[in-house]
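Dear colleague,

Please find the sequence and the structure below. My findings follow them.

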Amino acid sequence: MLSLEQVKQSLERAGQAHVLQFWPELSGLERDAFLQDLSQLDLQRLREHCEGAARAAAAPPGSLDRHIEPVPPESIGSVRRSGSKALTEWEHEGLLQISQNRVGVLLLAGGQGTRLGVQYPKGMYNVGLPSSKTLYQIQAERIHKIQQLADRKYGSKSTVPWYIMTSEFTLAPTEKFFKENHYFGMEPSNIVMFEQRMIPAVTFDGKVILQGKGKLAMAPDGNGGLYQALVDNKVLEDMKKRGVEYLHVYCVDNILVKMADPVFIGFCVSKGADCGAKVVEKACPAEPVGVVCRVRGVSQVVEYSEIQPETAELRGPGGGLVYSAGNICNHFFTRAFLQDVAEKFEGQLKQHVALKKVPFVDSCGNQVKPIKPNGIKMEKFVFDVFPFSRNFVAFEVVREDEFSPLKNAGGAATDTPTTARASLLTQHLRWAAAAGATLCDEHGNTLPAPSASAGDTAPAQWEISPLVSYFGEGLEMLKGRTLQTPLILDEEKAIELRAQQHLCEK
């Protein structure tokens, strides 16, 4: 830990001497804690951070319209447009890589569930499924299942390690939750949790904000903080020891995420890609999602606010949007590429400005809760490494099958617990219908075939455990059956139905 004098000098050099204005009022314990926090700051780069934040917040947003173009067709795969033969080959390649222990999954879980109205990590959230499973449990069970599918196909005993990037806010509760739930049946040594860095919030004139008399206002450095965190926590070294060559990186809040998706991984590996992104077709030109495209010939994500409406509305000869590749924070990286980013490019990552209402103490030491944005939080985004890729690819998936984020509390228009729950249950209804099952409600009335529409907000209570089916496969025992909802098709129920099917066949 640095001495008080060393910290004072560093703060003065950075133009942040005000940080210690309440030092005489702090108790001995408070002084020790504050000095510890200040010692952990990158004081050498503090001036650069504060001045950069103020400049970035003052800069007008630029328009990139003259310089953008779509990702070329040869760099795009698609669940809808690629042939069934290619999709099967990619799936087999992905399962082969999984069977050889060359694939890991990496979860971005540094944010709290504040917009959801909870004070715990989003992964611990229960959206109200019949099984009451949380996002973490669903994801853990999908890892179990994809390992099982790879092992069944290639006679292996595979392991897909689960790397979980947390923050100061989410590490302890996440560790506790996993321990209490016995790591959802996974080997604890195959779950690697690590923290991303925290950086100070800054006023519009470039001064670090004091949240309390002896506490800075700090925030995670965005999901792009991943690359520094991989180095800080020696995660890349762990991957190398395990033989992991390919990483599937995703955000915690997507209830439909396909963990270590073999089709996506197989596509990227077959193309020799070092970096890839799953995309969904934009719902409309004005949908507020980033677009995967090229700028001056370099692959990247352009925020919707950086494209003029007339460009966003451009349509191709077939009537589809020219810029339709919506980013869903679902990526593929080779370990070698991540190593390159960590060693050569991390310092070049773009900084993004987020204007926030940051509680602070005023010059008299009074606590203030602002009613409008008063501070700047700088963030890096995970996709900001795309421009450094030597071979970038995009893979289009169907939104209703693979993307339903949980962001807002109930009552919001989109991305709520209700919409996430409906997306998953409707998907399971489609799987059951495709397997040949007839579904009835609790009164015995036949239910209509489920629609893929995201507007189906009250589907029947029919849930399929990921331990039974990863993505609709393995449901042959449902063929010709009439099943009444509510029903949870877990492993025990699946074994019972298979046994019944076997007796009937005899």
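In which sense, and over how many bridges, do β7 and strand β19 pair? The model is a predicted one, and in it β7 and β19 (residues 375–379) pair in the antiparallel sense over two bridges. Within this pair, Thr203 stands opposite Gly375 of β19.

The pair belongs to an open sheet of three strands, ordered β7-β19-β16, with antiparallel pairing. Its edge strands are β7 (202–203) and β16 (352–356), each of which pairs on one side only. As background, strands of a sheet pair through backbone hydrogen bonds, and the pairing may be parallel or antiparallel. A helix also meets this sheet: α3 (residues 46–58) lies across β7, β16 and β19, and it runs at about 105° to β19.

I turn next to helix α8, which comprises residues 235–242. Which of its residues are buried? They are Val235, Leu236 and Met239. These residues lie on the same side of α8 because they cover an arc of only 100° around the axis. The face turned away from that buried side carries Lys240 and Lys241, which are exposed. For these terms, buried means under 20% relative accessible area and exposed means over 50%.

What do the buried residues of α8 pack against? Their partners are the strands β3 (103–108), β4 (162–166), β5 (191–195) and β11 (246–251), together with the helices α7 (226–232) and α11 (335–345). Just after α8, Gly243 takes a positive phi of about 85°.

Yours sincerely

Terms used
Residues numbered from 1 in each chain as written. Predicted model: local features only at pLDDT ≥ 70, side-chain atom pairs only at ≥ 80, totals over all residues. Heavy atoms only, no water. Pairing = 2+ DSSP bridges. Helix = DSSP H or I, 4+ residues; strand = E, 2+ residues; numbered from the N terminus. Contact = heavy atoms within 4.5 Å. Axes fitted to C-alpha atoms, helices over the stretch in contact; angles between N-to-C directions. Buried < 20%, exposed > 50% of the residue type's maximum accessible area, 1.4 Å probe, protein only. Arc of directions from axis to C-beta.
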